[in-house]
Amino acid sequence: MKKEFLDLGRQPITNKFLSEDEFEGEFFYDLKVVLDEETKLVSIQEFVPPEMMFNDEYAYTTSLSTPMINHFKETAEMLSMKFSPKKVLEIGSNDGPFISNFSKVNSICVEPCGNFAEITNGMGYHTYDEFWTTDLAEKIQSEKGYMDLIYAANCMCHIHDLDDAFKAVKNLLTPSGVFVFEDPSLLRMLERGSYDQIYDEHAHVFSVIALDNILRRNGLKVFSVDNLSVHGGSNRIYVSHIDSGTVGESVKQNINEEMVFGLDQFETYQTFADRVKTSKEELNRILSNLTKNGKRIVSIGATSKSSTVFNYCGIDSSLIECVTDTTPAKQGLFTPGSHIPVVSRDSINLNDYDYAYLGAWNFKEVIANKESEFVQNGGKFITHVPQVMDFS
Ligand code: JHZ
């Protein structure tokens with residue numbers, strides 16, 4: 001049975017940036033969050049049809065967050081050293097910062113957003129412009145054979161039917177092959193109060209407990225876990241066929257840490273929901289007091305995460321004047337639901353503003369370093385993670 005613990009209100013498609021004439025008729029859905037008592041999987045209650053989110057106009061471009069280029073290069077090098085894969089498949093390859101580290105001859109991609117599939121196809125990596133399913137895995141197996149390494153970053157948590165997605169992996173993996181995927185960690189989200197990890201694309205937020213349950217019923221098992229700092233705290237999950245190799249200490253350690261925190265208990269999620277409500281009140285209070293006192297506020301990073309925050313807290317351009325973002329496809333448009341103008345960083349003088357809300361709080365250090373002049377001129381940042389506060 002699935003039990004609801006959090007209601008984040010009416011929410012739009014987070015990567016659908018809008019022109020003014022698209023405001024009317026914008027799509028909204030109810031963002032409610034549930035715990036599955038059997039598997040302990042945390043999911044959103046109402047899934048948004050995948051084609052509405054992942055299509056030829058998908059805006060999020062991995063390589064435009066420059067720290068992620070290094071992250072994927074290091075990950076690719078580490079996986080090559082550890083597993084020496086001959087044939088590699090990436091699911092959800094976006095604009096290719098991971099796959100570009102592998103040979104074009106034996107590496108392929110799956111990417112349902114046509115604009116990005118075109119990029120990796122152009123780079124020489126055969127890219128299937130389709131959603132990841134057992135049917136697609138069967139087609140790939142007949143055209144390209146079995147894979148030694150299947151990799152996915154910030155993608156498995158987007159897939160609604162996890163049983164089908166994991167079966168597809170099992171069917172395409174060589175007997176000694178490995179499946180490695182990374183997604184935001186449920187434990188870190190609860191520890192840090194970062195409820196903005198929940199939005200249309202993030203159909204699930206994973207614990208190791210839930211993943212192990214679901215992988216095992218599909219003939220796979222987790223054999224190792226790395227805790228990563230990227231995206232506000234993620235886990236890299238290493239998976240093998242259920243009958244291949246042993247399970248490492250890191251799996252037991254992670255599951256134990258999650259049990260101690262109470263990720264298997266519904267009450268833990270009710271406590272989190274109370275914290276989220278307090279966060280909303282605090283953020284509204286601080287932003288309205290500042291604007292009442294004539295302070296000007298900008299936001300940095302037109303993220304999916306900030307879409308959840310703005311729409312849940314009812315924040316619009318009366319509180320935050322504009323949002324800067326490095327992505328050309330977002331600039332000149334308005335944020336989903338909250339309709340705040342998105343501009344390039346170079347088109348504004350940050351020193352005209354008193355406060356900058358960190359929509360991309362996960363890149364806090366990088367942004368603070370880039371914007372040291374803003375701080376020297378008395379500018380302050382605002383974040384809601386781990387609690388609502390301003391700092392310089
Ligand atoms: P970032 C997206 O979430 C959606 P978002 C998706 N579902 C997911 O899981 C993660 O990505 C991986 C900009 N930026 O990574 C670039 C600056 O403007 O936090 C990006 O648009 N200045 C696939 O959107 C955004 O901020 C900067 O200095 O929550 C960051 O988005 C930097 C570093 C980034 O993911």
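The shell around the ligand is mostly a list of classes to start with: five nonpolar, 12 polar and five charged residues (Ala, Val, Leu, Ile, Met, Phe, Trp, Tyr, Cys and Pro count as nonpolar, Asp, Glu, Lys and Arg as charged, and the others, Gly among them, as polar). Keep in mind that this is a predicted model, where local features need pLDDT of at least 70 and side-chain atom pairs count only at pLDDT 80 or more, while totals for chains, interfaces and linings use all residues. Residues are numbered from 1 along each chain as its sequence is written, and side-chain values use heavy atoms, with hydrogens and water left out.

**Around the ligand**

- Of the 22 residues around the ligand, the ones that come nearest are Glu201, Lys305, Asp325, Lys330 and Lys370 (a residue is near if one of its heavy atoms lies within 4 Å).
- Helix 10 (304-313) and helix 11 (364-370) each bring at least two residues to this shell (helices are DSSP runs of H or I with at least four residues, strands are runs of E with at least two, and both are numbered from the N terminus).
- Lys305 has a polar side-chain atom 2.6 Å from a ligand oxygen, and a polar backbone atom of Ser304 is 2.9 Å from an oxygen of the ligand (polar contacts here are pairs of N or O atoms within 3.5 Å).
- Thr327 also joins in, with a polar side-chain atom 3.3 Å from a ligand oxygen.
- Taken alone, the ligand exposes 730 Å², and the protein buries 96% of that (areas come from the Shrake-Rupley method with a 1.4 Å probe).

**The seven-stranded sheet**

- This open sheet runs in the order 6-5-4-7-8-11-10, with mixed pairing (two strands pair if DSSP finds at least two bridges between them).
- Strand 6 (126-128) and strand 10 (220-228) sit at the edges with a single partner strand each, so one side of each has no neighbour in the sheet.
- From one strand to the next, the twist averages 20° (axes are lines fitted to C-alpha atoms, for helices over the stretch in contact, and angles run from 0 to 180 degrees between N-to-C directions).
- Strand 4 (residues 88-91) and strand 5 (residues 107-110) run parallel and are joined by four bridges; Glu90 stands opposite Cys109 in strand 5.
- Helix 4 (residues 134-144) packs on the sheet and touches strand 5, strand 6 and strand 7 (147-153), with its direction at about 155° to that of strand 6 (contact means heavy atoms within 4.5 Å).

**The four-stranded sheet**

- Here the open sheet has the order 1-2-3-9 and antiparallel pairing, with strand 1 (2-11) and strand 9 (204-205) as edge strands that pair on one side only.
- Three bridges hold strand 2 and strand 3 together as an antiparallel pair, and Leu35 has Val42 of strand 3 as its bridge partner.
- Helix 9 (residues 266-292) lies across strand 1, strand 2 and strand 3, at about 20° to strand 1.
- Helix 10 packs on the sheet too, touching strand 1 and strand 2, and its direction makes about 80° with that of strand 1.

**Backbone oddities**

- Most residues other than glycine have a negative phi, and most peptide bonds are trans.
- Lys40 is not a glycine, yet its phi is positive at about 70°; Lys40 lies in the loop between strand 2 (29-36) and strand 3 (42-44).
- Val385 and Pro386 are joined by a cis peptide bond with omega about 0°, and Pro386 lies in the loop between strand 16 (380-383) and strand 17 (389-391).

Note on methods:
A polar contact is a pair of N or O atoms within 3.5 Å; within protein, one must be able to donate a hydrogen and the other to accept it, and residues adjacent in sequence count only if both atoms are side-chain atoms.
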